[in-house]
Amino acid sequence: MKRSYNIKIQWLALFALFAGAAQAADVGAGKAKSAACQACHGPVGVSSGPLWPSLAGLNAGYIEGQLVKFRSGMRDDPVMRPIAEELSDADMQNLAAYFSSLQGKSAGGDPALAKLGKDKAGMCLGCHGNNAQGVGMAPKLAGQLPKYLVKQLTDFKKGARKAPQMNAMAQSLSDDDIKALAAYLASL
């Protein structure tokens, strides 16, 4: 009985820790800080540039994690690293809360390619969710621009972007597979 009680106390303490961190993020402060993000990621987090992701609707934990990676140099990008280096941990949490609160939208995609990509998407949906909406730390892929998705998958395939599961999965894809998957995911 005592062991069960201790486990319950541990779970409650862990829940309180995460709940406190989630409550600490301020969507309004994130919106105010997002002005620097809007040139690339769009005024409401929906990118119009093919090389930048849409942030609207991405999981807050994923956004914050990527900002931390940019700041530390673990993920290298000549534009994002200097921006992330100027952000405090609270700024990152607030930005993540703001962008995750926004509604994403479909980017469209070539319908013929999207049809081919749908047949290959099963390998993505196991981690990214049945509608590619993102699950946990696996980001939302639905609605990202096709060219952005092609670049990211190609970078994973070449090892320019590092994530062991994604690097392995991308190795199995041809360039045509990547284009078809990107068209399908963008169409969601």
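Is alanine 132 buried or exposed, and what is its relative accessibility? In this predicted model, alanine 132 has a relative accessibility of 0%, and because buried means under 20% relative accessible area, alanine 132 counts as buried. The residue lies in the loop between H8 and H9, and its phi angle is near 55°, a positive value in a residue other than glycine.

The setting of this residue may be described through the protein chain as a whole. The secondary structure comes to 11 helices and 0 strands, and the pattern read along the sequence is accordingly written α-α-α-α-α-α-α-α-α-α-α. The chain has 188 residues, of which 38% count as buried, while its accessible surface comes to about 10900 Å², with 61% of that surface belonging to carbon and sulfur atoms. When contacts with a separation of 6 or more are considered, 65% of them are accounted for by residues 24 or more positions apart.

Helix H11, which covers residues 175-187, offers a check of helix geometry against expectation. At 1.5 Å a residue, the 13 residues of this helix should span 18 Å, and the C-alpha atoms at its two ends are 19 Å apart, which agrees with that expectation. The buried residues of H11 are Asp177, Ile178, Ala180, Leu181, Ala182, Ala183, Tyr184, Leu185 and Ala186. These buried residues pack against three helices, namely helix H7 (111-120), helix H8 (122-128) and helix H9 (146-158).

Helix H9 also takes part in a contact with helix H10. The axes of H9 and H10 come within 7 Å and cross at roughly 95°; because angles of 65 to 115 degrees count as roughly perpendicular, H9 is roughly perpendicular to H10. On the side of H9 the contact is made by Leu153, Phe156, Lys157 and Lys158, and on the side of H10 by Met166, Asn167, Met169, Ala170 and Gln171. Sorted by class, the residues of this contact comprise 5 nonpolar, 2 polar and 2 charged residues.

One of the residues in that contact, asparagine 167, can be followed in further detail. Asparagine 167 is found in helix H10, which runs over residues 164-171, and with a relative accessibility of 16% it counts as buried, because the cut-off for a buried residue is under 20%. When its neighbours within four places in sequence are left aside, asparagine 167 is in contact with Phe156, Gly159, Arg161 and Lys162. Of these partners, Phe156 is also listed among the residues of H9 that make the contact with H10.

Two further residues illustrate how positions that are separated along the chain are placed in space. Alanine 90 lies in helix H6, residues 89-101, and at 40% relative accessibility it counts as partly exposed, because partly exposed residues fall between the cut-offs of 20% and 50%. The C-alpha atoms of alanine 90 and alanine 25 are separated by 7.1 Å, although the two residues are 65 residues apart along the chain. Glycine 61 lies in helix H4, residues 60-72, and is likewise partly exposed, its relative accessible area being 31%. In sequence, glycine 61 and alanine 97 are 36 residues apart, whereas in space they are 8.6 Å apart, C-alpha to C-alpha.

Notes: Residues are numbered from 1 along each chain as its sequence is written. This is a predicted model: local features need pLDDT of at least 70, side-chain atom pairs count only at pLDDT 80 or more; totals for chains, interfaces and linings use all residues. Side-chain values use heavy atoms; hydrogens and water are left out. Helices (H or I, at least four residues) and strands (E, at least two) are DSSP runs, numbered from the N terminus. Buried means under 20% relative accessible area, exposed over 50%, partly exposed in between (1.4 Å probe, protein chains only). Contact means heavy atoms within 4.5 Å. Accessible areas come from the Shrake-Rupley method with a 1.4 Å probe; for residues, only the protein chains shown count as cover. The expected span of a helix is 1.5 Å times one less than its number of residues. Axes are lines fitted to C-alpha atoms, for helices over the stretch in contact, and angles run from 0 to 180 degrees between N-to-C directions. Angles under 35 degrees count as roughly parallel, over 145 as roughly antiparallel, 65 to 115 as roughly perpendicular and the rest as oblique. Ala, Val, Leu, Ile, Met, Phe, Trp, Tyr, Cys and Pro count as nonpolar, Asp, Glu, Lys and Arg as charged, and the others, Gly among them, as polar.
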